[in-house]
Amino acid sequence: MRYWLMKSEPEEFSLEDLRNRPDQTEPWDGVRNYQARNFMRDDMKRGDQVFFYHSNCAEPGIVGIATIAREAYPDPTAFDPDDSHYDPKSDPDNPRWYHVDVGFERELNRTISLKELKEHAKTLEGFALIRRGNRLSVMPVDEAHWRYILSLE
DNA sequence: GCCAACGTTGGC
DNA sequence: GCCAACGTTGGC
């Protein structure tokens with residue numbers, strides 16, 4: 001099993017939104033970055049664990065745990081001209097963008113903020129989230145880092 | 001709202 | 001294949 005971190009702006013889609021979905025799962029659509037897509041398409045397996053991260057908000061940080069509920073399949077929003085993530089270069093016969101479904105697991109007892117994570121930079125060396133200038137919205141987390149971060153909870 | 005960092009695009 | 005221009009991300 002692998003471990004991941006996925007970012008979402010809470011004003012767009014929050015952990016609460018995921019919890020409140022009828023089946024507590026959601027297609028992680030709209031990702032238009034090749035590296036993030038490759039992680040979803042090639043490496044994510046059903047049951048993998050995910051840190052749910054809130055970005056672009058008052059206190060950016062990890063707020064909960066999700067799981068990969070469905071493995072990669074083409075992102076339909078790429079084919080929809082009315083969707084803000086429409087990409088005319090994505091051909092339904094050869095889709096450019098793939099995504100997974102994410103399922104709610106639990107909320108953390110407290111938010112583990114980006115600020116706090118940066119204070120553990122030494123232990124978390126190599127963790128993509130705290131690398132300078134990082135903008136990836138989907139990234140792998142080492143198992144050792146995963147466990148350490150959870151121990152902070 | 002600002003702006004640094006970074007990915008993508010497209011002219012050459 | 002280089003690189004300037006541009007758009008986006010996301011912390012602050």
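Here is a short walk through the DNA contacts and the salt bridges of this structure. The model is predicted, so to speak of local features we ask for pLDDT of at least 70, and side-chain atom pairs count only at pLDDT 80 or more, while totals for chains, interfaces and linings use all residues. Residues are numbered from 1 along each chain as its sequence is written, chains are lettered from A and ligands numbered from 1 in the order in which they are written, and side-chain values use heavy atoms, with hydrogens and water left out.

Let us start at DNA strand C. Taking a residue as near when one of its heavy atoms lies within 4 Å of the strand, the surroundings consist of Lys7, Tyr53, Ser55, Asn56, Pro60, Leu114, Lys118, Arg135 and Leu136. By class, four of these residues are nonpolar, two polar and three charged, where Ala, Val, Leu, Ile, Met, Phe, Trp, Tyr, Cys and Pro count as nonpolar, Asp, Glu, Lys and Arg as charged, and the others, Gly among them, as polar. On the DNA side, sugar or phosphate supplies 68% of the strand C atoms within 4 Å of the protein, and bases supply the rest.

Phosphate oxygens of DNA strand C also take part in close approaches. A polar side-chain atom of Lys7 is 2.9 Å from one such oxygen, and an N or O atom in the side chain of Lys118 is 3.3 Å from a phosphate oxygen. Arg135 uses its backbone instead: an N or O atom there lies 2.9 Å from a phosphate oxygen of the strand.

Now to the salt bridges, each a side-chain nitrogen of Lys or Arg within 4 Å of a carboxyl oxygen of Asp or Glu. The count is 10. One of them joins Arg19 and Glu107, at 2.7 Å from N to O. Arg19 sits in helix α1 (residues 15-20) and Glu107 in strand β5 (residues 98-113), so this pair ties together parts 88 residues apart in sequence; helices (H or I, at least four residues) and strands (E, at least two) are DSSP runs, numbered from the N terminus. Glu16 joins Arg19 and Glu107 in a network of salt bridges.

Another pair is Arg32 and Asp75, with the closest N and O atoms 3.0 Å apart. Arg32 lies in the loop between β2 (25-27) and α2 (34-43), and Asp75 in the loop between β4 (61-74) and β5, so the pair ties together parts 43 residues apart in sequence. Arg32 is partly exposed at 26% relative accessible area, whereas Asp75 is buried at 0%; buried means under 20%, exposed over 50%, and partly exposed in between (1.4 Å probe, protein chains only).

Definitions and conventions:
A polar contact is a pair of N or O atoms within 3.5 Å; within protein, one must be able to donate a hydrogen and the other to accept it, and residues adjacent in sequence count only if both atoms are side-chain atoms.
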